[in-house]
Structures are given as structure tokens and as C-alpha cells.
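Q: Please take a close look at one part of this structure and describe how it is placed with respect to its surroundings. A connected account in formal terms would be appreciated.

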Amino acid sequence: MVMDNGLVQVTLSSPGGDITGIQYNGIHNVLETKNREGNRGYWDVVWNVPGNHIAYDRLKGTDFNVIMEDEDQVELSFKKTWNFTNGNSSAPLNVDKRYIMRRGSSGVYLYAILERLEGWPDMDMDQIRIVFKLQNDKFHFMAISDDRQRIMPTPRDRLDAQRLAYPEAVLLTNPANTLLIGEVDDKYQYSCENKDNRVHGWISENPPVGFWMITPSDEFRAGGPLKQDLTSHVGPTTLSMFTSTHYSGKDLNTKYRNGKPWKKVLGPVFVYLNSISSLEDPTTLWEDAKDQMSIEVNSWPYDFPQSEDFPSSNRRGNVSGQLLVGDKYISDSPMWASYAYVGLAAPGGVGSWQREAKGYQFWVQADEEGHFLIENIRAGHYNLYAWVPGIVGDCRYDVIIYIQPGCDVKLGVLVYEPPRNGPTLWEIGIPDRTAAEFFVPDTYPTLVNKLFINQSTHKFRQYGLWERYSDLYPQHDLTYTIGISNYHQDWFFAQVPRNMGNHTYQATTWQIKFEIENVTPSTGNYTLQLALASASASELQVRFNDRRANRPHFTTRLIGRDNAIARHGIYGLYWFYSINVPSHLLRNGNNTVYLTQSRSKSPFGGIMYDYIRLEGPPDTGLISLQ
């Protein structure tokens, strides 16, 4: 099956619906012809029956139809219908893969409608994606963002490389391009947040051609705007990730249970190809791809997909309002929630949006005064969620919001009252849901990715940073003194186990030393506000002035599976705890908070802190000695 508009020719298998060839600008096929046809451009899911091993399903169609064909547009459908006679041989999903080619458009649009009918068997579906594998002998330069672009190693280079702590990370020992000798390659170093993942891809120098994955909207992605996921990596491979447990683990709700029906439209996304003359700088292809991305974003929602399950703008609604922050210990009157992230997602608990994968989400960033306008929302019912940079905690508007086609919901002024019980005595960090403000060490000179050497904002992406804690604190753990220490320099970005050698690890206990006055039994209770940016196979135990207390004064118990430390993230999922501290646990003068990460089975287990604040009892005149 061939689609051709004079600019691009796309060949698809029928009825399977895989893209087997893309002809463009003199390149007979930009996809890797050494791969079998079903391993060039395809959809797949990672799924399993609860309790069984994971399986991969390529979602191959069994029924082909031309949905639309005229002089301006072609839309094709490749369907697969599941029934109980299929058993566990394929994921219990109905699948309708759609491909659209338009006149004058240098590329192809892809989307899919996935559906589960009532009464279908339980399943987990941890990953849904589109994969493209490009010509290895042509595409060598990869671009993820303005500041993440580079010549990449080849698959052969990785096969010949030294494997590091896990399969995705290798040390290049004999690459074809000798400039890459001694560098680390790991696909997770090129991950990106949903909100920033709009365009990425590859450039061929001869001829100068670009291949780009453009995602004009996040509404169909899992986990909200901060969810991180893979982009492009060695292959050369380009991905469109819709759902995955990367940087979240199974805390992301990918469970489909109790026979509940479900349907979701994923995409459309746009595969864009561009070219220039051999006399021009190939990197200008990136600039053109960004321009095309802006066109696609401004055209969302598209008005040309033919599926009734994809609503155009006139079948959607809008929500607007203003968000303020009410914290009397900062301001007597409510403050603007400047540049807050405000979104609609499935009804749930406070902060549940970051673990939500089944429904649609719609997010914007408010202006300086907290005004927000969320447009083109699919019909349905939602909670409104928000978080404010510089303000701890999560906001949820408790009233269910019902969106109907053409509606314009005006919420007026909403006031978020963040967690607060008393005046700030001291604080560590910035409440921004990341550990980026803390100390990120240099990696080992023998384990660098040169792309990140002089990029402070991406320094955390270097390999092996978890091992640097044991170098800096070989015998004694981190101690932070309020009023003296500086969290930019003295607070390690991740609390990880100490490497004791011979694949053994030791739990670590950090100390926060501080002074307070006027503590008496009648003073009232204090509060330790504790926000974590990440947790992986961890248990944080908190003790006050008694490191050897048999039972901690507080424990998170075992939490977290986001694996952000190993995957070069500076955050994963957000965890927040408001810890009551009875005054009898504290003393006049010197005090110490002991923070023990008690699990030590893996070098990658650990936590990243976002923000810590000790509050005095409500409305007291306690003196802070920061």
C-alpha cells in the first residue's frame, strides 16, 4: 500500500499497517532496509496479564480500509479486533491505526484509537509507542533541543563497547568515529519532559535531509506535563512515547481491571521530513523543524482526521480563571500564583494527575498574575489541578468540572492554601519538584558524555553520579548546618547508599543541625514539611535528636519505583509529607534532624529531596537562628 503526494512516498504493509518505506528527496527509503519490513516503522505495546511475564504486541492490523481519498487528502485505517478466542496471544485491545497524507505536506500523520470493551480480561499496559528505525549509514546527527544536539555513535559502536552498570549504558571503546572514544552512551541521557517534547529527530548530511517526530499536543500522553520519557537514540531510532513507566515505575496507573470499558485516541503526531541544498548548513534543518512544529501546535486540534473519536475544536470546551496563593505567613493577602501549572485531568486525589495514564490531560502555564485559559478540552468530567513554582504542595479544585462541546467555563478566582501550620524557622531547597538546585558533582573523567561537560543545566544527565557520593563521603554521611551550610554546595542531589565494595551497600543517614529558642512543653507542636522529588526502592526514616531511637519518629515506609537516579533524571514522582513534631522532641539550643534512607539493596535506590521546611507552632514568636 503506497501513499504519495509528490513530496513524500510512504509504503505500508497491508493489512498489518507497518510503515515499511519512506521515500524522500532522492533517498529511496529513509528507513533501515537491512531490517525486516516489520521492524522499520511500527506501533507496539508492552503488556501483561497480571502476575504473568511482560509481552510485546506490535498491534498488526488484520483489516485494511481507505477511510478517505480525494485530491487533498488520503486517510487509511488498519484495524485489529480482539475476542476471547485470542486468549493471551495478543493484548486484549481493539486497535484502529490511522495514517493521513495531505496535499503539499512533507510528511505523514499517525494516530490510533485503542479500545477495551466491557467485561474484557484484566491487563497491565506499561508502554504504548511508535518506533522508527532510520538508515544507519545516513543519519548520524541527532537533535533533541537547542542545547542537546550531537553526532551519535552507531549500533555497531555500542555492540563493541564496554557494558556499564546496566544494559542501556555503555562506554565507547572502538567507535567508527574516533572523536567518540571514551564517551558514555545511554538513551536515557536524551529523555525529555512531556511539556518540552515537541520535536526531535535526526539529520542526514548526504543528502542533507531531516527526519522529525512532531507532537503538537500533550493531551493524549500519560502522567502530565512533567512526565519524562525517551525521545531519539542510537539506532538511529526515533520514538513517539504515549505511555511508559519510565521515571515513574508502576506507581503510574497502567492497570486495567474489573472489565471496565476504555477508549483513547493517541495522536495524531506528525512525521516531518525536510531538506536543503548541499551548500547549506545541515543544522538549519533543525530550525526549519522547529518552525514546522510551531505550525502544527497552532493548528491543534486538527480539523482533518476522519475518526469521530477525534473531536475538532467546535466539539471541545474551555476553562479559565485566576489562581492565587493564600499563605498568611508570607503575605497578609492572597498572592498571585505566578506561572503556576494548571491542568485538567481525571477526577482523583490531590496530585493524582502525575500517576494517571488512562485519560486525557490538558495543561497550561498561568501568567504572572495567575490567570489561566485552558482551551480545546475534550468533553468529559475532570478535576482541576495545579502546582506553583516556589510554593510547596499540590492544589486540587474539589468541584468536578463537566466539559460539554462549545462550553466556556469561567471559574473566577481560586485560592490555593498550601501546607502550612506555623512560621518558617528554616528551609532547605526550592519547592519546584526537582533536585536541580542541589549539588550535582562532576562525573568521572573516564565516564563522560561530552555534550554535557559545559552545560550546568544538564550536568545531572552524566553517567555514574550516584557513585560520587561514596567518594565525597567515604566514611561519614552528609551533615548540613542551618545558617552555615549552603544547599547549592553542601546538599548532595540524591541520598543514595554508600558503596562498600564487593557489590554491597550501606544505608546512609544525613543530619540537619539547627538551633531554636523558647522550646517548652506548652509551646505547641512543630511541623516538618518534607517534599521529595524522587524515590526509588526507598524508605526515609526521620528522627529528632536521637539517632539510635529504635522506632523512627516518622517513616515513609517503602516507596517509589521511578528509577530516576539510574536514568539520569533530576526528579521522578513527587511525594509530600507534613510531619507533626511534638515540642518534647526538640530542645532549647542545638538540635539535629536525622534523615535515614534505610534501604540499601541497590546503588540506584535512593531519594531526591525537593524541599524541607521546619515550621514553628502556630502564631508564636519563636526565634529562628538560620
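A: The residue taken as the starting point is Thr284, which belongs to helix 2. The model is a predicted one. Thr284 has a relative accessibility of 34% and therefore counts as partly exposed. Along the chain, 76 residues separate Thr284 from Pro208, yet their C-alpha atoms are 9.9 Å apart in space. Pro208 falls at the start of strand 18, which covers residues 208-214.

The sheet beside this helix comes next. Nine strands form an open sheet in the order 6-7-8-9-23-18-17-11-12, and their pairing is antiparallel. At its edges are strand 6 (63-69) and strand 12 (148-151), each of which pairs on one side only. On average, and with direction ignored, neighbouring strands of this sheet are turned by 15° against each other. Helix 2, made up of residues 284-298, packs on this sheet. The strands touched by helix 2 are strand 9 (107-116), strand 11 (139-145), strand 12, strand 17 (199-205), strand 18 and strand 23. The direction of helix 2 makes about 35° with that of strand 18. Edge strand 12 is thus one of the strands that the helix touches.

Within the sheet, strand 18 and strand 23 (residues 262-275) run antiparallel and are joined by six bridges. One residue pair in this register is Gly210 with Asn274, the latter being the bridge partner in strand 23.

A second, separate arrangement of strands may be set beside this one. Three strands form an open sheet in the order 13-14-15, again with antiparallel pairing. Its edge strands, strand 13 (162-163) and strand 15 (184-185), each pair on one side only. Strand 14, residues 170-171, runs antiparallel to strand 15 and is joined to it by two bridges. In this pairing, Val170 stands opposite Asp185 of strand 15.

Charged contacts extend the picture. Side chains of opposite charge can pair when their charged atoms come close. The structure holds 35 salt bridges. One of them starts from the loop that follows strand 18: Arg378 pairs with Glu219, with 3.2 Å between the closest N and O atoms. Glu219 lies in the loop between strand 18 and strand 19 (228-229), and Arg378 in the loop between strand 28 (371-377) and strand 29 (380-387), so this salt bridge ties together parts that are 159 residues apart in sequence. Arg378 counts as buried because its relative accessibility is 8%. Glu219, with a relative accessible area of 2%, is buried as well.

Another salt bridge links Asp327 and Arg420, whose closest N and O atoms are 3.1 Å apart. Asp327 is in the loop between strand 24 (317-325) and strand 25 (335-336), whereas Arg420 is in the loop between strand 31 (408-416) and strand 32 (424-429), so the pair ties together parts that are 93 residues apart in sequence. Both of these residues, Asp327 and Arg420, are buried.

A further salt bridge joins Glu193 to Lys195, with the closest N and O atoms 3.0 Å apart. Lys195 counts as partly exposed because its relative accessibility is 26%. In addition, salt bridges link Asp124, Asp126, Lys250 and Arg257 into a network.

The annotated spans provide context for the later part of the chain. In an unreviewed entry, UniProt lists residues 339-410 and 424-614 for "domain: Rhamnogalacturonan lyase". Residues 339-410 are 50% strand and 0% helix, and the end C-alpha atoms of this span lie 19 Å apart. Residues 424-614 are 38% strand and 5% helix, with end C-alpha atoms 6 Å apart.

Aromatic side chains are the last topic. The whole structure contains 40 aromatic pairs. Among them, Tyr463 and Trp466 meet edge-to-face, 5.1 Å centre to centre and with 80° between the planes. Both Tyr463 and Trp466 are buried. Ring pairs also link Phe438, Phe439, Tyr469, Tyr473, Tyr480, Tyr487, Trp491, Phe492, Phe493, Trp510 and Tyr609 into a cluster. Tyr480 of this cluster is also touched by Ser485, as are Thr479 and Asp490, residues up to four places away in sequence not being counted. Ser485 itself is placed in the loop between strand 33 (479-481) and helix 4 (487-490). Its C-alpha atom is separated by 9.8 Å from that of Ile428, which is 57 residues away along the chain.

Notes:
Residues are numbered from 1 along each chain as its sequence is written. This is a predicted model: local features need pLDDT of at least 70, side-chain atom pairs count only at pLDDT 80 or more; totals for chains, interfaces and linings use all residues. Side-chain values use heavy atoms; hydrogens and water are left out. UniProt positions are given in the numbering used here, feature names are shortened, and annotations may be inferred rather than shown by experiment. Helices (H or I, at least four residues) and strands (E, at least two) are DSSP runs, numbered from the N terminus. Two strands pair if DSSP finds at least two bridges between them. Axes are lines fitted to C-alpha atoms, for helices over the stretch in contact, and angles run from 0 to 180 degrees between N-to-C directions. Contact means heavy atoms within 4.5 Å. A salt bridge is a side-chain nitrogen of Lys or Arg within 4 Å of a carboxyl oxygen of Asp or Glu. Buried means under 20% relative accessible area, exposed over 50%, partly exposed in between (1.4 Å probe, protein chains only). Rings of Phe, Tyr and Trp (its six-membered ring) pair if their centres lie within 6.5 Å; planes under 30 degrees apart count as stacked, over 60 as edge-to-face and the rest as tilted.
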